[in-house]
Amino acid sequence: MSTRTAHVMASVSAVDAGPMTPELVLDLLDAFERAGIDVWVAGGWGIDALVGRQTRDHRDLDVLYRIEDDAPIRAVLTAAGYVPETDWWPVRVELRGPSYVDIHPLAFAPDGSATQSGLDGTTFDYPASAFTVGTIAGRSVACLSAAQQRLFHSGYELREIDRHDLAALDGGGAMNAGTELHARGEVTDSEVESLHAAAFDHAPTETPWRQRLTDHSLTWITARLDGRLVGFVNVVGDGGVHAILLDTCVAPHLQGRGIGRALVAAAAAEARRAGCHWLHADYETRAADFYEDACGMAHTEAGLLRLQ
């Protein structure tokens, strides 16, 4: 099959495909995860993942995946009722079923960067920093960074839908536009301590954060805005099915904008990938609205014994 010629398939259904709803998105992401396929949400849903809420209706779901997973991802989509309608592989393939899905294969390098084939021998480059974490319907999802989204929204005449998406990135959403989440993100002792001290209103100390994270953490999530650390959560595990949230903190001037919720959602996703069944958090009564209402944690009774 030519890589430069579109192959339009026969109509797959007499019934029009419906909009790509959050439920359909999460169903597909669940199916990809069960199949062991890494995917990153791009396009309009990718922007809404960065914003932290759905800002508009979506016709389709754009998904990036490793090119070596082409056969498995097609098998998952076939099982979910999707069949190819337009095939420009290895540039993109559009599939139609309950809604529409556009899949885009990427060739990854050892340093985490990636390349996507374009038409007529062109390529699109993705630096390692182009891949981050967002939230859809309260769930952590891998997606493209705000910087990469802005790059892909340049160099052509913008449609109304493109202007909407850029406006969402520029401040129309719950989470500050450009805030990027990373699992096991690089941090320094001083920046974590400064953030922790500001969030919890205590004097900074000489805490060896890097050593603590490396030696004892299951994972941790960082949130950065314009390169500055503005959010952090630590996750420790018991080596089995339990994980515990620690030190959830967001810069005071950015609290209430969805960053904390996104941190917890990302932490839950990483703990789930590590095989954990339960995520615990110890919090004061004044934080119950955040953990229980915003993050969906169930209230439980717990004991505490002071040791020193």
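Colleague: Why is D226 called exposed?

Modeller: The relative accessible area of D226 is 76%. Exposed means over 50%, buried under 20% and partly exposed in between, with a 1.4 Å probe and protein chains only, so D226 counts as exposed. The model is a predicted one, in which local features need pLDDT of at least 70 and side-chain atom pairs count only at pLDDT 80 or more, while totals for chains, interfaces and linings use all residues. Residues are numbered from 1 along each chain as its sequence is written, and side-chain values use heavy atoms, with hydrogens and water left out.

Colleague: Where does D226 lie, and what is notable about its phi?

Modeller: D226 is in the loop between strand 12 (219-225) and strand 13 (228-237). Helices (H or I, at least four residues) and strands (E, at least two) are DSSP runs, numbered from the N terminus. The phi of D226 is near 55°, a positive value in a residue other than glycine. Most residues other than glycine have a negative phi, and most peptide bonds are trans.

Colleague: What makes R184 partly exposed?

Modeller: R184 has a relative accessible area of 41%, which falls between the two cut-offs, and therefore R184 is partly exposed. R184 also has a positive phi, of about 55°, although it is not a glycine. Its place is the loop between strand 11 (180-183) and helix 6 (189-200).

Colleague: Which two residues does a cis peptide bond join?

Modeller: The cis bond joins W89 and P90, with omega about 10°. P90 is in the loop between strand 4 and strand 5.

Colleague: How do you know that R92 and D102 are buried?

Modeller: The relative accessibility of D102 is 6% and that of R92 is 17%. Both values are under the cut-off for buried, so both residues count as buried.

Colleague: Why is the contact between D102 and R92 called a salt bridge?

Modeller: The term requires a side-chain nitrogen of Lys or Arg within 4 Å of a carboxyl oxygen of Asp or Glu. The side chains of D102 and R92 meet at 3.0 Å, N to O, so the pair fits the term. D102 lies in strand 6 (residues 100-108) and R92 in the loop between strand 4 (83-87) and strand 5 (93-96), so the pair ties together parts that are 10 residues apart in sequence. R92 also forms a salt bridge with E94, the closest N and O atoms being 3.9 Å apart. A network of salt bridges links R59, D60, R92, E94 and D102.

Colleague: What do R56 and D165 tie together?

Modeller: The side chains of R56 and D165 meet in a salt bridge of 2.8 Å, N to O. R56 lies in the loop between helix 2 and strand 3 (60-66) and D165 in helix 5 (residues 160-172), so the pair ties together parts that are 109 residues apart in sequence. Both R56 and D165 are buried.

Colleague: What makes helix 2 mostly covered?

Modeller: Eight of the nine residues of helix 2 (residues 43-51) are buried, among them W45, I47 and L50.

Colleague: How do you know that the radius of gyration agrees with a compact globule?

Modeller: The globule rule is 2.2 Å times the number of residues to the power 0.38, with the radius taken over C-alpha atoms. For 308 residues a compact globule would have a radius near 19 Å; the chain has 21 Å, which agrees. The C-alpha trace spans about 70 × 35 × 35 Å along its principal axes.
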